[in-house]
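Dear colleague,

Please find the structure below, handed over together with an account of what was found in it. I have ordered the notes by topic, so that you can follow them with the coordinates open.

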Amino acid sequence: MTRLSNDPARFAAQALDGFVAAHPGLVRRVGGGVVRAAAPAPGRVAVVVGGGSGHYPAFAGLVGEGLAHGAAVGNVFASPSARQVRSVARAASGGGGILLAYGNYAGDVLNFTAARVHLEAEGVDCRAVAVTDDLASAPAEQADRRRGIAGGLVVFKVAAAAADRGLDLDEVERIARLANARTRSFGVALTGCTLPGAAAPLFAVPAGRMAVGLGIHGEPGIDERDRPGADGLAELLVDTVLAELPAGIDAPAGQRAAVLLNGLGSVKYEELFVVYRRVAELLAAAGVQVVAPAVGELVTSFEMAGVSLTVCWLTDELTPLWCAPADAPGFRRGLSATAAAPPAPVLAEEAAEPVPPASPASRAAGRRLLGALAAARDAVDAHADELGRIDALAGDGDHGIGMSRGVNAAVAAAGAAVAAGAGVGTALTRAGDAWADAGGGTSGALWGVALRGAAVALGDESEPTPARVTSAVSRALADVTRVGGAAVGDKTLVDAFAPFAATLADRVQAGQPLAAAWREAAAVADAAARATADLVPRVGRARPLAHRSVGAPDAGAVSLALILAAVAPTGEEAATAPTREDAPTRAEETAR
């Protein structure tokens with residue numbers, strides 16, 4: 001387990017700061033992650049990768065000459081926010097366009113897609129490639145739904161080498177997609193992994209057994225079997241990967257392949273070499289020509305004891321790109337082919353946007369909002385462990401931690417905005433951005449979307465009447481549904497959010513006071529959240545292990561219902577609303 005940390009909530013940020021301090025000649029810190037130390041080459045394509053912390057050397061360790069131009073780094077096992085991705089992309093850009101590359105996880109897809117849309121709106125030519133190499137996460141006919149694991153290194157490497165050779169964005173994107181389509185991975189775990197500050201692993205593997213087909217976020221495997229010796233494990237890995245060949249390859253004999261044997265955190269290099277010895281023998285017997293193999297810790301999962309095998313079937317075009325020199329902190333091959341460029345200046349932090357003018361009624365509503373967010377924070381913090389336990393049944397167990405990070409950041413951001421005289425719309429917007437940045441992952445992104453949607457509907461000019469509040473809730477639900485792609489019945493927070501919005505609108509339209517209508521709608525949402533226990537997840541990270549979540553409610557729906565109950569208005573908000581002087585102490589502490 002992770003034994004050396006300070007505040008678990010700051011673990012990812014402090015680890016990134018230390019990483020940059022340890023590699024000053026290779027990378028530099030920017031908002032949201034890192035970029036190459038040298039200034040971007042004018043007119044060149046920039047390859048920007050990213051994902052959650054906890055996987056070093058992915059993703060920050062893969063930034064350097066011959067590899068990625070930048071990496072957006074999220075919290076532990078949580079995707080970076082869209083704003084963080086945009087920040088890194090802007091810092092890495094040389095003006096030739098940007099290729100975003102990331103693992104095919106719901107939070108990463110959502111946030112990187114939002115970043116791409118925003119960059120394109122700014123006039124930046126931006127493309128995106130989601131890596132889908134994990135054989136265990138979906139059948140061949142649903143390959144586009146597979147998650148990305150260690151195969152991302154191959155995709156990042158060939159795309160970056162193509163960009164450094166001066167190829168245009170169309171070609172760099174095509175090469176990345178070609179590599180992804182020809183890459184297959186499969187892994188096993190001998191033990192689980194433990195998040196910083198947690199008292200126990202996310203999952204356990206019985207002695208003498210191994211989890212087969214695991215993910216890299218602490219997700220359990222899709223099967224469990226007796227643990228073999230090193231040779232037996234090599235045979236399982238090779239047989240599984242060779243069983244599915246890319247289109248156009250009828251047999252492995254005579255084919256060239258990039259081969260990665262990856263340690264997930266606790267399997268030491270000597271053990272990996274013992275396994276690779278047999279992997280190399282089996283591939284040679286199958287007639288595969290291995291090109292520039294890589295054995296070591298390439299994509300990890302904290303202290304998880306596990307191994308994965310990746311094979312990318314090379315072409316004449318991909319081979320020299322895979323073999324090209326690279327000089328990144330976590331992956332080196334040969335000597336750098338280019339002289340070191342002078343370091344670019346460190347980017348200053350973006351200045352906080354001024355608070356726009358607001359009516360007295362909207363500012364008063366902003367103070368009431370701050371009290372509601374503080375109530376939400378207290379409810380989430382009190383139930384964070386339970387939310388994590390529910391999430392761990394079929395996911396990575398970080399939902400409670402992520403929700404706590406997000407709502408605490410939202411309280412701090414809203415408190416600062418209210419202190420500066422913000423109206424309710426601006427306070428909600430600042431809270432949503434902070435929640436997305438700090439919470440990370442799918443839940444952080446969706447809560448950010450929801451709060452920003454409500455902010456647009458409420459604005460800073462008028463009193464939030466019951467009718468306008470119901471419109472704001474409906475706008476938030478519409479935005480979450482549009483961005484997240486989930487519908488009622490998919491076992492997500494939408495299953496609780498949709499009946500809440502419908503009930504609230506119905507009761508307010510019937511003339512019921514907002515406080516009573518909200519409480520009744522919150523009770524409906526709570527019942528709907530509990531009813532998700534009977535559903536099978538159809539989208540999101542829980543989908544590959546859908547059967548494991550049956551009988552337990554969806555963590556996102558439960559946390560939404562918990563918050564809706566906690567923030568229910570009382571009818572006397574204006575009289576009891578906290579001012580800046582008596583705003584929640586923990587919000588001020590978080591802001592500091």
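Before the loops are named, one convention is needed: helices (H or I, at least four residues) and strands (E, at least two) are DSSP runs, and they are numbered from the N terminus. With that numbering, F59 is found in the loop between β3 and β4.

Please keep in mind throughout that this is a predicted model. The protein chain has a mean pLDDT of 89, with 90% of its residues reaching 70 or more. Over residues 336–342, however, the pLDDT is below 50, and this stretch has 7 contacts in the model beyond near neighbours in sequence. The pLDDT is also below 50 over residues 572–592, a stretch for which the model has 27 contacts beyond near neighbours in sequence.

Backbone geometry

Most residues other than glycine have a negative phi, and most peptide bonds are trans. Against that background, the loop between β3 and β4 (70–76), which holds P57, deserves a look. The peptide bond from Y56 to P57 is cis, with omega near 15°, and a cis peptide bond also joins A58 and F59, where omega is about 10°.

Two residues that are not glycine have a positive phi. For F302, in the loop between β11 (289–296) and β12 (306–313), phi is near 50°; for K491, in the loop between α13 (466–484) and α14 (494–509), phi is about 65°. Are these residues buried or exposed? F302 has a relative accessible area of 15%, and because buried means under 20%, F302 is buried. K491 counts as buried as well, at 5% relative accessibility.

Cavities

How many cavities of 30 Å³ or more does a search of the whole structure find? The search finds 2, and the largest has a volume of about 130 Å³. Its lining consists of 19 residues, and those that lie nearest the centre of this cavity are F59, G103, G148, I149 and I216; F59 is thus a residue of the lining that also takes part in a cis peptide bond with A58. The elements that give two or more residues to the lining of the largest cavity are β3 (46–53), β5 (98–103) and α4 (152–164), and β3 gives the most, with 3 residues. By class, this lining has 10 nonpolar, 8 polar and 1 charged residues.

The second largest cavity has a volume of about 60 Å³. Among the residues that line the second largest cavity are I149, A150, F186, G187, L214, G215 and I216, together with N262, L264 and S308. The lining of the second largest cavity has 6 nonpolar and 4 polar residues, and no charged residues. I149 and I216 appear in the linings of both cavities.

Nonpolar cores

In soluble globular proteins, nonpolar side chains tend to be buried together. In this model the largest nonpolar core has 71 residues, of which V34, V49, F156, V172, W322 and F331 touch the most other members. The largest share of this core, 10 residues, comes from α4. Not counting residues up to four places away in sequence, V34 touches L16, F19, V20, V27, R28, R29, A60, V63, G70, A71 and V88. Another core, of 59 residues, lies apart from the largest one, and L369, V418, A472 and A486 are among its members.

Two individual residues

A128 lies in strand β6 (residues 126–131) and counts as buried, at 16% relative accessibility. Leaving aside neighbours within four places in sequence, A128 is in contact with L99, L100, Y102, R116 and R177. A128 and T113 are 15 residues apart in sequence and, C-alpha to C-alpha, 7.4 Å apart in space.

S93, in the loop between α2 (82–92) and β5, is partly exposed, with a relative accessible area of 25%. Its contacts, leaving aside neighbours within four places in sequence, are with P40, A46 and I98. S93 and A41 are 52 residues apart in sequence, while their C-alpha atoms are 8.3 Å apart in space.

With kind regards

Methods. Residues numbered from 1 in each chain as written. Predicted model: local features only at pLDDT ≥ 70, side-chain atom pairs only at ≥ 80, totals over all residues. Heavy atoms only, no water. 1 Å grid on protein atoms, 1.4 Å probe; cavity = no way out; pocket = protein on both sides within 12 Å on 5 of 7 lines; lining within 4 Å. Points joined across faces, edges and corners; volume = space filled by probe spheres on them. Nonpolar A, V, L, I, M, F, W, Y, C, P; charged D, E, K, R; others polar. pLDDT = per-residue confidence, 0-100. Contact = heavy atoms within 4.5 Å. Core = buried A, V, L, I, M, F, W, Y, C linked by side-chain atoms within 4.5 Å. Buried < 20%, exposed > 50% of the residue type's maximum accessible area, 1.4 Å probe, protein only.
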